[in-house]
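Hello,

Below is the structure I am handing over to you. My notes on the chain and one of its cavities follow.

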Amino acid sequence: MHNEQGNVTALYDDIKQTMERLGESYEIIFVNDASNDLTLSKMKEIQSRDANFHYADLEANVGENWALLAGIAQARGEVIITIDGDYQNDPAYIPDLLKELSKGYRVVSGRRRNRTAALWTKRLPSFVANGMIRLVSGVPVHDCGCGLKAYRREVVEGKFVPKGFMNRFSPVSLGVKGHEFAEVEIVDRARISGESHYGLSRVFIVFRDVCVLPFALRGAAVWRARFWLIFVLSVGVTLLCLFEAQWLWTALLIVAALFSISNATNLTGFIKAQAGPAFRVKEYR
């Protein structure tokens, strides 16, 4: 949660109600991503009266990916469920996710139907981004942006991705295969407070990151070295083509050089993230 003071108590109440009906042992963890409103204060108030509730307070704002990883790093359960802090994901669908997970899947994601979000800044970017992710990963995900997901612990334990990678915490970046993934249709609720932190720019971020995804999953260090080599060779041959006035080849080689350096840089982020993400939990209770 980042500046979600108006959603803290309402979301907690709904999660608590759902989990109590399930009758299973559970814990609830909220992550405060360096809010500057009363988000943390409200978390502390809940924690003082509910032993099943915990909060992680981050030292600095790190965005959704790392904030979720900070919470997952503290979690003790064999099944980990993530949910957006903006109140729009309805916890009432948690039993449906768990039912599907019990069929042997490793990850089950919500798939939002009848979205009322703006077409040009929300739904269209989401459609394009999810299409690119399906094409590259082979995982039949239709709503990577839905925060309501259920993971088996081994999928996320000790796994880290670069800050802001693909704009969302995505199962495809954790190496999940197509047959290990399922979706459950859900209907999102309207926000009751705050405002969205996402927009049209997410498409460009996803496009950049999805290009590197297959290489990150096949060995980031090896592919980083290869892309640096391709970059150096591309630059060298580009200079020769310029000298010979071979403009088409020059243009193609420039594209290859840009693609290579982008992937090499992104893979460096993967390697650093696996060595140890830079987020710091200031307080966990």
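**The chain as a whole**

The chain has nine helices and seven strands (DSSP runs numbered from the N terminus, with H or I over at least four residues for helices and E over at least two for strands). Its radius of gyration, taken over C-alpha atoms, is 21 Å, close to the 19 Å from the globule rule for 285 residues, so the chain is as compact as a globular protein of that length. That rule is 2.2 Å times the number of residues to the power 0.38.

This is a predicted model, in which local features need pLDDT of at least 70 and side-chain atom pairs count only at pLDDT 80 or more, while totals for chains, interfaces and linings use all residues. Residues are numbered from 1 along each chain as its sequence is written, and side-chain values use heavy atoms, without hydrogens and water.

Of the 285 residues, 45% are buried (under 20% relative accessible area, 1.4 Å probe, protein chains only).

**The second largest cavity**

There are two cavities of 30 Å³ or more (sets of points on a 1 Å grid over the protein atoms alone where a 1.4 Å probe fits but cannot get out; points are joined across faces, edges and corners, and volume is the space filled by probe spheres set on them). The second largest holds about 40 Å³. Ten residues line this cavity, with E64, L68, G147, K149 and F169 nearest its centre (lining means an atom within 4 Å of a point). Both α3 (64-74) and β5 (149-152) supply at least two lining residues each.

Regards

Notes
1 Å grid on protein atoms, 1.4 Å probe; cavity = no way out; pocket = protein on both sides within 12 Å on 5 of 7 lines; lining within 4 Å. Buried < 20%, exposed > 50% of the residue type's maximum accessible area, 1.4 Å probe, protein only.
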